[in-house]
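These are my notebook entries on a single protein model. I record below what I looked up, in the order in which I took it up.

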Amino acid sequence: MKSFSFKLPLFWKFSFAIISIVLIFGSINSILIYNNVQTALQSETKKRALFIANSISNQITTSILFEDYISLQNTINSIKEIDDNIFYIFVLDNKNRLLVHTFKTDLPLDLLRANILKENQKYNTQLLLLKDLDKEIILDVAVPILGGRIGAVRVGLKESSIIADVQKTVNIFWLMVAAFLFVGIAGALVFAKFITKPIKAIQNVADGIDLNQIGKSEIPQIRIREKFLDKIKMLFRAEDEIDILADKFNQMIIRLDKAYRDLQNAQATIIQSEKLATIGTLTAGLAHEINNPVAGLQNCIRRIKNDPSNIEQIIKYINMMETATDKIGNVLGNLLNFTRRQTGGSESLSVNEIIENSLLLVSHRLEKLKISITKNFQTELPNIRGNKNQLEQVMLNLLINSLDSIEEKCISDPACEKRIILNAARKDNYVILYIQDTGKGIPENIKDKIFDPFFTTKQPGKGTGLGLSVVYKIIESHNGKIQIDSNEGIGTTVKISIPVYK
């Protein structure tokens with residue numbers, strides 16, 4: 001199953017990494033800070049509440065002993081007004097009966113029953129959450145007066161102030177986290193640009209390398225960074241992994257250029273060698289194509305010399321001599337064009353012309369073996385794009401293979417059919433060419449090897465084994481396709497697709 005993938009720039013990767021790390025550690029530290037600060041403040045609040053309760057206990061002892069409840073009430077009211085964090089103060093006698101309190105209304109019974117001091121207990125603290133106290137969290141402190149013999153004082157401090165202080169501390173921490181995130185993302189932007197700029201330079205150079213232009217134009221290389229972000233001139237350079245990568249990439253481009261040039265030269269040499277080998281197999285036929293017209297010329301010259309006054313005969317022989325010289329010129333012209341090392345690029349070519357030029361070079365073998373040629377070409381067949389010399393070599397190699405196949409079949413079966421059928425038609429943006437013969441066909445066990453270099457089934461001296469390999473490379477370089485279907489003992493059909501010239 002193919003995994004889902006999408007493009008994500010380095011900046012966003014750095015940003016996501018920084019945000020994730022900061023948020024995770026920020027959250028953990030926020031919880032730790034919240035707990036530690038809350039614990040510390042609660043401890044300080046408890047000490048403060050005990051101090052206030054003990055102070056009140058010392059101040060009201062005399063008033064309780066003399067039962068001066070007015071003075072007692074004034075004392076606790078004044079203390080409560082001094083500190084806003086004091087939620088309430090009330091005083092109990094030794095029988096836990098209420099003496100005075102600071103509530104504007106009646107003291108809640110639930111509060112009276114909570115946090116009761118036990119005998120000989122120096123103090124008692126308890127967190128309270130009572131409905132009657134507007135759900136306010138209260139730290140209630142109970143302190144005995146004269147060891148509990150005359151009563152006790154209860155003081156309640158609001159916990160909301162503690163929570164507010166803790167929240168304030170946490171908020172300050174998150175502001176610092178936000179500032180760190182901002183600086184981190186800005187740093188990620190600069191860092192990502194610093195990293196991606198040379199990487200993009202490598203990418204642009206890689207995209208700009210056109211193998212077809214090697215040897216024709218200068219190879220692009222990566223420029224060494226001389227300014228920080230192309231703005232600030234660097235007083236010194238400390239090479240890093242990216243600089244080393246750029247240098248290695250430049251070296252790789254140079255090696256690629258050299259290797260590709262060597263490969264092109266080797267391929268051109270192989271193609272030229274195969275041409276010469278092909279001409280070698282056609283030598284006898286080409287000599288015959290030239291000797292016959294030359295013999296005719298000599299015969300015409302002798303007849304003209306024997307009867308120089310016969311004007312009618314001279315005119316007749318001159319026409320015959322012109323036909324003979326035209327034939328020799330065509331054969332030699334095609335031979336020279338075929339053997340010439342051609343370096344030109346693609347051009348508009350006629351399929352008919354390529355086939356006729358190739359047939360001319362094998363015409364003697366066609367006549368000798370008495371092989372018929374059938375041509376079925378679509379009317380107004382469009383031109384193709386390609387290298388004329390190379391495509392003629394493809395056609396000639398395939399025709400020679402068909403001739404050899406038919407000739408070998410006729411050795412074992414003299415009455416066999418001797419025919420080559422050539423079909424050409426346009427399909428979409430290609431011209432499809434079929435070369436079909438009635439030869440011996442290709443055995444099943446070697447069909448997957450026919451395009452391998454130096455593989456051949458011909459006898460020594462009749463082939464280099466490079467024919468179909470060169471044909472395949474030429475068709476591939478023309479952005480075309482070649483397919484061979486063969487039945488042993490019946491024949492072979494070669495299908496070639498070449499792009500139409502636009």
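**Entry 1. An aromatic pair.** I began with Trp-174, which is partly exposed, with a relative accessible area of 29%. I note at once that the model is a predicted one. The ring of Trp-174 pairs with that of Phe-173 in an edge-to-face arrangement, with 5.9 Å from centre to centre and 70° between the planes. Phe-173 has a relative accessible area of 16% and counts as buried, because the cut-off for that class is under 20%.

**Entry 2. Other aromatic pairs.** I then asked how many aromatic pairs there are by this rule. The count comes to four. Phe-87 and Tyr-88 form an edge-to-face pair, because their planes stand at 75° with the ring centres 6.0 Å apart, and the class requires an angle over 60 degrees. I looked up the burial of Tyr-88 as well: its relative accessible area is 0%, so the residue is buried. Ring pairs also connect Phe-87 and Tyr-88 with Phe-90 and Phe-103 in a cluster.

**Entry 3. The hairpin at E1 and E2.** Phe-90 led me to the pairing of strands, where this residue stands opposite His-101 in E2. Strand E1 covers residues 86–93 and strand E2 residues 98–101; the two run antiparallel and are joined by three bridges. They form a hairpin with four residues between them. In its turn I found Asn-96 with a positive phi of about 65°.

**Entry 4. The whole protein.** I stepped back for the overall figures. I recorded 10 helices and 14 strands for the protein. Its length is 502 residues, of which 37% count as buried. The exposed area is about 30,800 Å², and carbon and sulfur atoms supply 56% of it. Among contacts with a separation of 6 or more, 67% come from residues 24 or more positions apart.

**Entry 5. A five-stranded sheet.** I next traced an open sheet of five strands, in the order E9-E11-E12-E14-E13 and with mixed pairing. Its edge strands are E9 (372–377) and E13 (481–487), each of which pairs on one side only. The average turn between neighbouring strands is 10°, direction ignored. Helix H7 (residues 351–361) packs on this sheet and touches E9, E11 and E12 (430–437). The direction of H7 makes about 175° with that of E9.

**Entry 6. Pairings within the sheet.** I checked two of the pairings in turn. E9 pairs with E11 (residues 419–427) in the parallel sense over six bridges. Across this pairing, Ile-373 stands opposite Ile-420, and Thr-374 opposite Ile-421. E11 and E12, in contrast, pair in the antiparallel sense over eight bridges, and Asn-423 has Tyr-434 in E12 as its bridge partner. E11 and E12 also form a hairpin with two residues between them. Asp-428 in that turn has a positive phi of about 60°.

**Entry 7. Ile-355 in H7.** I returned to the helix that packs on the sheet and selected Ile-355, which is found in H7. Is Ile-355 buried or exposed? Its relative accessible area is 1%, so Ile-355 is buried. Leaving aside residues up to four places away in sequence, Ile-355 touches Phe-377, Met-395, Leu-422 and Leu-433. I also noted the C-alpha separation between Ile-355 and Glu-392, which is 7.3 Å for residues 37 apart along the chain.

**Entry 8. The nonpolar cores.** In soluble globular proteins, nonpolar side chains tend to be buried together. I therefore looked for cores, which are made of buried nonpolar residues joined through side-chain atoms within 4.5 Å. The largest has 43 residues, and those with the most contacts inside it are Ile-435 and Ile-496. The elements that give two or more residues to this core include H7, H8 (363–369), H10 (467–477) and E14 (491–499). H9 gives the most, with 10 residues. Ile-435 has contacts beyond four places in sequence with several residues, among them Met-395, Leu-398, Ile-420, Leu-422, Val-494 and Ile-496. A second, separate core has 22 residues, including Ile-64, Ile-79, Leu-139 and Val-155.

Technical notes. Residues are numbered from 1 along each chain as its sequence is written. This is a predicted model: local features need pLDDT of at least 70, side-chain atom pairs count only at pLDDT 80 or more; totals for chains, interfaces and linings use all residues. Side-chain values use heavy atoms; hydrogens and water are left out. Two strands pair if DSSP finds at least two bridges between them. Axes are lines fitted to C-alpha atoms, for helices over the stretch in contact, and angles run from 0 to 180 degrees between N-to-C directions. Contact means heavy atoms within 4.5 Å. Buried means under 20% relative accessible area, exposed over 50%, partly exposed in between (1.4 Å probe, protein chains only). Accessible areas come from the Shrake-Rupley method with a 1.4 Å probe; for residues, only the protein chains shown count as cover. Rings of Phe, Tyr and Trp (its six-membered ring) pair if their centres lie within 6.5 Å; planes under 30 degrees apart count as stacked, over 60 as edge-to-face and the rest as tilted.
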